[in-house]
Structure formats: C-alpha cells, structure tokens
Amino acid sequence: GPLASITVSPNSANLGIGGTQQFTAVGRDASGNVVAIAPAWAVVASGGAINGAGLFTAGTVAGTFTNTVQATSGAISGVASVTVTAGPLASITVSPSSSTLSIGGTQQFTAVGRDANGNVVAMAPTWAVVASGGTISGAGLFTAGTVAGTYTNTVRATSGAVSGVATVNVTAGPLATITVSPPSDTLMVGAKQQYTAVGRDVNGNLVVIVPTWSVVNATAGTM
C-alpha cells in the first residue's frame with residue numbers, strides 16, 4: 001500500500017566529535033509491508049551534518065540531539081537521535097583566576113576541563129601549590145600562609161598532562177610592631193638625625209604606615 005511510516009536505523013547513535021554514522025531508512029505501508037523509497041536526508045536539530053546517502057558526521061558541539069536525523073519521503077518522515085561526546089581534555093580553567101587573601105584566609109578553587117572545541121570534559125583534577133603562598137586540599141580549598149606576597153600561578157589543577165593555574169595575593173595582617181631606626185644615637189646640641197619607622201604584622205610582614213612622630217621628653221629636642 002502507500003507509504004505510511006519510515007523507520008531510521010539506528011534509532012540513536014553515540015559519536016565522538018567528527019565521528020561518522022551511516023543511517024538507513026525503511027518505508028512501510030500501514031500493514032508493515034516494505035515500500036521502496038529514496039528519502040531526502042536532513043539534520044533538523046543540529047549536532048552535525050548528513051549527506052544525501054544518509055552518512056552523518058558529528059559536529060564540534062557535544063550534547064544529545066534528539067530526533068535530529070530525519071529521512072523524508074513525500075509527507076512521511078522518520079527520525080533518529082544522536083549523542084555527540086566531547087573530545088580529549090585539552091585545557092583546564094581554574095576559577096577564580098586570581099584571589100587576594102589575608103594571612104590564614106581561605107579560597108575555594110574550582111577547575112573545569114574542556115576539549116579543543118570548548119566542550120566540557122569530566123575530570124577529577126589533582127590540586128597542588130607550586131610557588132608557595134599557602135596550602136591546598138584535595139578538593140581545591142586553599143589556605144593562605146603567613147608570608148605576604150604575590151604568588152603567580154601558584155595554584156595548579158592537573159589531569160593527565162594538562163594543567164590550569166591561578167594566582168594568589170597574600171596580604172599582611174594588622175599592624176603589630178613598629179621599629180624605629182636608628183634605635184639610638186648621640187648628637188651634638190642642634191644637630192639633626194633622620195629617623196625612619198617600619199611597621200610589621202605578627203608574622204614579620206611589612207605593613208604600610210604613616211606614623212605620627214613626637215618627642216616624649218621635650219628637653220631632648222624637637223621633631
């Protein structure tokens with residue numbers, strides 16, 4: 001009888017990026033008898049491209065593309081779905097890319113892997129601190145150390161031969177001490193001496209200060 005349905009085989013395919021799948025279409029009448037057809041092939045929901053003979057080539061975007069392959073004859077169509085899987089890991093992005101922390105502060109870092117086309121690739125990275133600045137847990141939780149400074153690309157997430165990095169800035173703690181230099185001096189009457197003052201936190205890191213100067217014993221001189 002007249003064409004009533006088209007069955008596309010396979011009804012679903014799982015392909016890597018750039019992979020190919022040959023689809024076939026069989027037409028049948030209402031009673032299930034085979035009807036000869038020469039279908040027009042099309043991709044209707046993205047995922048790749050297909051030629052006139054039903055050879056599908058996966059695109060560069062990973063995902064599940066439901067009923068994207070379509071074979072049509074007259075007013076009758078049959079469909080099939082395609083799942084495109086990401087390619088091999090090509091890059092790792094660590095977030096945030098930089099963080100400013102006080103001494104002992106913490107920052108949760110995350111890492112996302114992608115293939116050469118930007119598709120997300122599942123991974124379980126190994127975390128490490130490679131340029132000092134603090135410590136990091138296996139889950140990416142960084143704890144700043146006691147030495148202030150900028151630690152460029154110190155946080156590293158690695159999977160196989162691919163790594164991603166982030167920078168940490170550790171800031172000094174509150175002012176704990178002020179050192180005046182020179183600590184003592186002997187001057188002639190009317191002579192001058194330039195003094196300097198350096199502030200530090202409890203860990204010895206420099207703290208920027210604008211000190212107020214005074215002479216406690218006014219008989220010694222003026223400042």
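Thr64 pairs with Thr83 of strand 10 as its bridge partner. That bridge belongs to a predicted model, so treat what follows as a reading of computed coordinates. Strand 9 covers residues 63–73 and strand 10 covers residues 76–85, and the two run antiparallel to each other over 8 bridges.

**The four-stranded sheet**

Strands 9 and 10 sit inside an open sheet of 4 strands, ordered 2-10-9-6, and the pairing in this sheet is mixed. At its edges are strand 2 (12–16) and strand 6 (40–43), and each of these pairs on one side only. Going from one strand to the next, the twist averages 25°.

Just before strand 9 comes Thr60, in the loop that follows strand 8 (55–58). Is Thr60 buried, exposed or partly exposed? Its relative accessibility is 43%, so Thr60 counts as partly exposed; the cut-offs here are under 20% for buried and over 50% for exposed. Beyond its neighbours within four places in sequence, Thr60 is in contact with Ile17, Asn117 and Asn119. Val84 is 24 residues from Thr60 along the chain, and the C-alpha atoms of the two are 8.2 Å apart.

**The three-stranded sheet and Asp201**

There's also an open sheet of 3 strands, in the order 21-22-23, with antiparallel pairing. Strand 21 (177–181) and strand 23 (206–207) are the edge strands here; each has a single partner strand, so one side of each has no neighbour in the sheet. Strand 21 pairs with strand 22 (residues 196–200) in the antiparallel sense, over 5 bridges. Within that pairing, Thr179 has Val198 of strand 22 as its bridge partner.

Asp201 is worth a look while you're in this part of the model. You'll find Asp201 in the loop between strand 22 and strand 23. Which side chain of opposite charge is nearest to Asp201? That is Arg200, at 7.4 Å, and Asp201 has no salt bridge even though it is buried. The cut-off for a salt bridge is 4 Å, so a distance of 7.4 Å doesn't qualify.

What the Asp201 side chain does have is backbone nitrogen partners. A polar atom of this side chain lies 2.8 Å from the backbone nitrogen of Gly173. The side chain of Asp201 also reaches the backbone nitrogen of Asn205, again at 2.8 Å. Not counting residues up to four places away in sequence, Asp201 touches Ile103, Ala172, Gly173, Pro174, Ala176 and Val207. Gly173 therefore turns up twice for Asp201, as a contact and through its backbone nitrogen.

**Arg28 in strand 4**

Over in strand 4 (residues 24–28) sits Arg28. With a relative accessible area of 33%, Arg28 is partly exposed. Its side chain reaches the backbone oxygen of Gly32 at 2.9 Å. Which residues does Arg28 contact, leaving aside its neighbours within four places in sequence? They are Pro2, Leu3, Ala4, Ser5, Asn33, Val34 and Val35. Leu3 is 25 residues away from Arg28 along the chain, yet the two C-alpha atoms are separated by 5.6 Å.

**Backbone oddities**

A few backbone angles deserve a check on screen. Where are the cis peptide bonds listed here? One joins Ser95 and Pro96, with omega about -5°. Pro96 is in the loop between strand 11 (91–95) and strand 12 (98–102). Another cis bond runs from Ser181 to Pro182, with omega near -5°. Pro182 has its place in the loop between strand 21 and strand 22, which ties this bond back to the open sheet of 3 strands.

Then there are residues with positive phi that aren't glycine, set out below with their exposure.

| Residue | Phi | Location | Relative accessible area |
|---|---|---|---|
| Ser132 | about 65° | loop between strand 16 (126–129) and strand 17 (134–136) | 47% |
| Asn153 | about 50° | strand 19 (residues 149–159) | 36% |

Ser132 is in a loop, whereas Asn153 is found in a strand. At 47%, Ser132 is partly exposed, and Asn153 counts as partly exposed at 36%.

Key:
Residues are numbered from 1 along each chain as its sequence is written. This is a predicted model: local features need pLDDT of at least 70, side-chain atom pairs count only at pLDDT 80 or more; totals for chains, interfaces and linings use all residues. Side-chain values use heavy atoms; hydrogens and water are left out. Two strands pair if DSSP finds at least two bridges between them. Buried means under 20% relative accessible area, exposed over 50%, partly exposed in between (1.4 Å probe, protein chains only). Lys and Arg count as positive and Asp and Glu as negative; His and the chain ends are not counted. A polar contact is a pair of N or O atoms within 3.5 Å; within protein, one must be able to donate a hydrogen and the other to accept it, and residues adjacent in sequence count only if both atoms are side-chain atoms. Contact means heavy atoms within 4.5 Å. Axes are lines fitted to C-alpha atoms, for helices over the stretch in contact, and angles run from 0 to 180 degrees between N-to-C directions.
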